[in-house]
Amino acid sequence: MALHSKTPLLFSRINIATRRQGLCRSLSTVTNNTARTKIQDGYYDQEHQELQRSLIKLIETEINPFVDEWETAGQWPGHRIFKLLGQAGFLGINKPTEYGGLNLDYKYHAAYLEALGHIRAGGVSLGIGVQTDVATPALSRFGNDYIKREFLAPAISGDVVACLGVSEPGAGSDVAGLQTTARQQGDDLIINGQKLWITNACQADWICLLANTSIGPPHRNKSLICVPMKTPGVNVARKLDKLGMRSSDTGHIFFDEVRVPAKNIVGEEGMGFIYQMKQFQEERLAMALGTLVPLKTIMEETINYTRERKAFGQPLLNNQYIHFRLAELETELECLRSLIYRAADLLVAGQDVTKLASMCKLKSGRLARVFTDSLLQFWGGMGFTNEVLVSRLYRDLRLFSIGGGADEVMLGVICKYMNTLPHVPVKKVK
């Protein structure tokens, strides 16, 4: 399948200074024909909205026409889509300019993440989000020049596909309990272990891997390591058959005596757990932002369907239970939106948003479950087919209460900040 050659190059036509000061004013002619696309008013200013319109235009021409095909195939063409996104400047919005990014504040990045929700398959937006908000934030924040030039810069330009390796068969939510090791041997690290549920695993060029690099306290003995996927000993054993996110390739990866330079460690050795906890906050806020447009879209499609669909001589929408339930769900969605925007603003201001990001992740995952289940019911038999978006999102968005930290983990984080967790006394060893 050939992708269209005429893609809106949002940032490639202007210099860095223009990007950082009114980045999109000169691009109104590029995006005027997408003015019909609905943009959330009241939070984003003109520059943010122009960014969103340009991304939505790319989505409508290069992604959405093919998502059904990718869902059936069980994989989206990451390298081709990332190249388009990289050329347009979308993969490094809040990354350093020295490595191809735009160094804009998080609000621009939030606008990008929300606009990704216009993709009509969660697996594709998930794979894209892994590149910008899961595998690379720690490199951008803590990596040295070598790490940034070797791994971050190609991810920003769209020349490679990246993934993150944290979860294991026996250590999903319990990150401290992971068993993968990386022992020092001269100037190299020798990695052994496995990673499971890894998004982009089957087409990734490198993985940001969390492994034990020493013996010691579990929160101080781990490091993040960049590992090229073609390194001898790296084996993607299988692609998982999943309930949802069908177009996203999710794999089980084994590492058998994998040798990489010790200089591939991100930041300081032993700080990987701390780095990953910080990286999780951007991932969780990104997931929450990613629910806003899909939920709004299926709300609008459900309203249209129930207005046209007649039963017992009148439109379904005339049923009081239905239009009242839609009003309740719309209210919940707007409450979630306000919480997410507040967290984004505080992140821009440099504040710790761990508690709020956890709340956003928790609320978005739970609301997505209730939202899609309620709306699917109003579609009746059509809702039980794969011919409508609501059924796809019913499957796709179920992940949001599991991936990136399960609901129960989010509750634990929130309780920690509320100081309501029980204090377990430490047993003294005699």
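Trainee: Starting with the aromatics, are Trp76 and Phe82 buried or exposed?
Mentor: Both Trp76 and Phe82 are buried, and please keep in mind throughout that we are looking at a predicted model.

Trainee: How many aromatic pairs are there by the ring-centre rule?
Mentor: With ring centres required to lie within 6.5 Å, the count comes to 10 aromatic pairs. One of them is Tyr43 with Tyr44, whose ring centres are 4.8 Å apart and whose planes meet at 70 degrees, so this pair is edge-to-face.

Trainee: And are Tyr43 and Tyr44 buried or exposed?
Mentor: Tyr43 is buried, and Tyr44 is buried as well. Coming back to Trp76 and Phe82, their ring centres lie 5.3 Å apart with the planes at 70 degrees, and because planes over 60 degrees apart count as edge-to-face, that is the label this pair receives.

Trainee: Which residues do ring pairs link into a cluster?
Mentor: The cluster consists of Tyr43, Tyr44 and Tyr341, which are linked through ring pairs.

Trainee: What about charges over rings: which ring does the charged end of Arg284 sit over?
Mentor: The charged end of Arg284 sits over the ring of Phe280, at 4.5 Å from its centre. Elsewhere, Lys263 lies over the face of Tyr146, 4.5 Å from the ring centre.

Trainee: Changing topic, how many salt bridges does the structure hold?
Mentor: The structure holds 18 salt bridges. One of them joins Glu50 to Arg53, with the closest N and O atoms 4.0 Å apart. Glu50 and Arg53 both belong to helix 3, which covers residues 46-63, and they are three residues apart, or about one turn of the helix. Glu50 is buried, and Arg53 is buried too.

Trainee: What does Asp188 form a salt bridge with?
Mentor: Asp188 forms a salt bridge with Arg259, and the closest N and O atoms of the two are 3.0 Å apart. This pair links distant parts of the chain, with Asp188 in strand 3 (residues 188-199) and Arg259 in strand 7 (residues 250-261), 71 residues apart.

Trainee: Why is Asp188 called partly exposed?
Mentor: Partly exposed covers relative accessible areas between 20% and 50%, and Asp188 gets that label because its relative accessible area is 21%. Arg259 is also partly exposed, with a relative accessible area of 42%.

Trainee: Where do Arg369 and Asp407 meet?
Mentor: The side chains of Arg369 and Asp407 meet in a salt bridge, at 3.2 Å from N to O. Arg369 lies in helix 12 (residues 354-378) and Asp407 in helix 14 (residues 407-418), so this pair ties together parts that are 38 residues apart in sequence. Arg369 is partly exposed, at a relative accessible area of 32%, whereas Asp407 is buried, at 2%.

Trainee: Which residues do salt bridges with shared partners join into one network?
Mentor: Asp68, Glu71 and Arg392 are joined into one network by salt bridges that share partners.

Trainee: You mentioned helix 12; what else is Thr354 in contact with, leaving aside its neighbours within four places in sequence?
Mentor: With those neighbours left aside, Thr354 is in contact with Gln281, Val413 and Tyr417. Thr354 lies in helix 12 and is buried, with a relative accessible area of 14%. Its side chain is also joined to that of Asp352 by a polar contact of 2.6 Å.

Trainee: How many residues of helix 6 are buried?
Mentor: Helix 6, which covers residues 106-116, is mostly covered, with 11 of its 11 residues buried. Among the buried residues are Lys107, His109 and Glu114, along with Tyr106, Tyr108 and Tyr112.

Trainee: What covers the buried residues of helix 6?
Mentor: The cover includes helix 3, helix 7 (122-133), helix 10 (272-308) and helix 11 (320-348). At the start of helix 6, a side-chain oxygen of Asp105 also reaches to within 2.9 Å of the backbone nitrogen of Lys107.

Trainee: Last one, for the overall picture: how many helices and strands are there in the chain?
Mentor: The chain has 14 helices and nine strands, and buried residues make up 56% of its 430 residues. Of the contacts with a separation of 6 or more, 74% are between residues 24 or more positions apart. The chain exposes about 19100 Å², and carbon and sulfur atoms supply 52% of that area.

Conventions:
Residues are numbered from 1 along each chain as its sequence is written. This is a predicted model: local features need pLDDT of at least 70, side-chain atom pairs count only at pLDDT 80 or more; totals for chains, interfaces and linings use all residues. Side-chain values use heavy atoms; hydrogens and water are left out. Helices (H or I, at least four residues) and strands (E, at least two) are DSSP runs, numbered from the N terminus. Buried means under 20% relative accessible area, exposed over 50%, partly exposed in between (1.4 Å probe, protein chains only). Contact means heavy atoms within 4.5 Å. Accessible areas come from the Shrake-Rupley method with a 1.4 Å probe; for residues, only the protein chains shown count as cover. Rings of Phe, Tyr and Trp (its six-membered ring) pair if their centres lie within 6.5 Å; planes under 30 degrees apart count as stacked, over 60 as edge-to-face and the rest as tilted. A charge sits over a ring if NZ of Lys or CZ of Arg is within 6 Å of the ring centre and within 35 degrees of the ring normal. A polar contact is a pair of N or O atoms within 3.5 Å; within protein, one must be able to donate a hydrogen and the other to accept it, and residues adjacent in sequence count only if both atoms are side-chain atoms.
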